[in-house]
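Please look through the model shown here with its strands and its pockets in mind.

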Amino acid sequence: MGDKPVGSISLDAAIAAMREDFAVDFADTPEALSEVFRLRYQVYCLERKFEPGENGTETDDFDAMSRHVLLRHRASNEALGTVRLVIPGLRSELPMERVAALPRLRHLPRERIAEVSRFALSKSRRIAGGCLSYLLRLALIRGIVHLSGEIGISYWCALMEPQLLRLLQRSAIYFQQAGGLVEHHGARQPAFVGLAPMLDRVQREQPEVWEFITDNGTLWQQDVVQGKRRGLAA
């Protein structure tokens, strides 16, 4: 079954075991942010050679308008994965707008969009492959679902490798094209998705995945998110 659990272990059991061993946190302290930037240096600078980095960290000017997720191994407290939501608001650009024309994003409510970026998983976990890497990706997605529910985000956009888009589809997470393919550290697809229809589809097609990434529907609820955005705009 490729990236999904195999053998006699059910997806429910695999998720339960993973939750025992790994924790998804918000990186909201200077110490946690330092771990995020060091992990990004390892993945984006040393392994992939995408970014230059500096003094063992990888940062950019969008970090100041972002919220960050950090995935840890509970026993060792080691940082294993990270992802961020860039929240531009009404006046600032998204990172992907620097490299791509995005005609389909112009019709979305700007104040409810965030860009998913710097999706990074430690090489030791990526090469493990199979069930574990699949579940750790889902754990990072759970983190940004939680963040989106907290801050009132209804749409994600991202500049993604086509392979990652296909991997997400295995979990019933389908992004739409926001423009044509662009060259940015390889071929990348600008894409976007509305969280409400995306999570509805996951619930129908992959209920075990939905239960995990939404904590059984408590981490993101459309009416609550819309209410938060109205409160922020008031």
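The paragraphs below go from the pairing of strands to the two largest pockets.

This is a predicted model, in which local features need pLDDT of at least 70 and side-chain atom pairs count only at pLDDT 80 or more, while totals for chains, interfaces and linings use all residues. Residues are numbered from 1 along each chain as its sequence is written, and side-chain values use heavy atoms, with hydrogens and water left out.

Strand 3 (strands being DSSP runs of E with at least two residues, helices runs of H or I with at least four, both numbered from the N terminus) spans residues 79-86, and 8 of its 8 residues are buried, that is, under 20% relative accessible area with a 1.4 Å probe and protein chains only. Strand 3 pairs in the antiparallel sense with strand 2, residues 66-73, over 7 bridges, where pairing requires at least two DSSP bridges between the strands; here Ser66 has Val86 as its bridge partner. The hairpin of these two strands has 5 residues between them, and Asn77 there takes a positive phi near 65°. Strand 3 also pairs with strand 4, residues 113-121, in the antiparallel sense over 5 bridges, with Ala120 as the bridge partner of Thr82.

Strand 4 also supplies 7 residues, the largest share, to the lining of the largest pocket. A pocket is an open set of points on a 1 Å grid over the protein atoms alone where a 1.4 Å probe fits, with protein on both sides within 12 Å along at least five of seven lines, and lining residues have an atom within 4 Å of a point. Among the 36 lining residues, Tyr44, Arg48, Arg118, Phe119 and Leu159 lie nearest the centre of the largest pocket.

In the second largest pocket, strand 1 gives the most to the lining, with 4 residues.

Definitions and conventions: Buried < 20%, exposed > 50% of the residue type's maximum accessible area, 1.4 Å probe, protein only.
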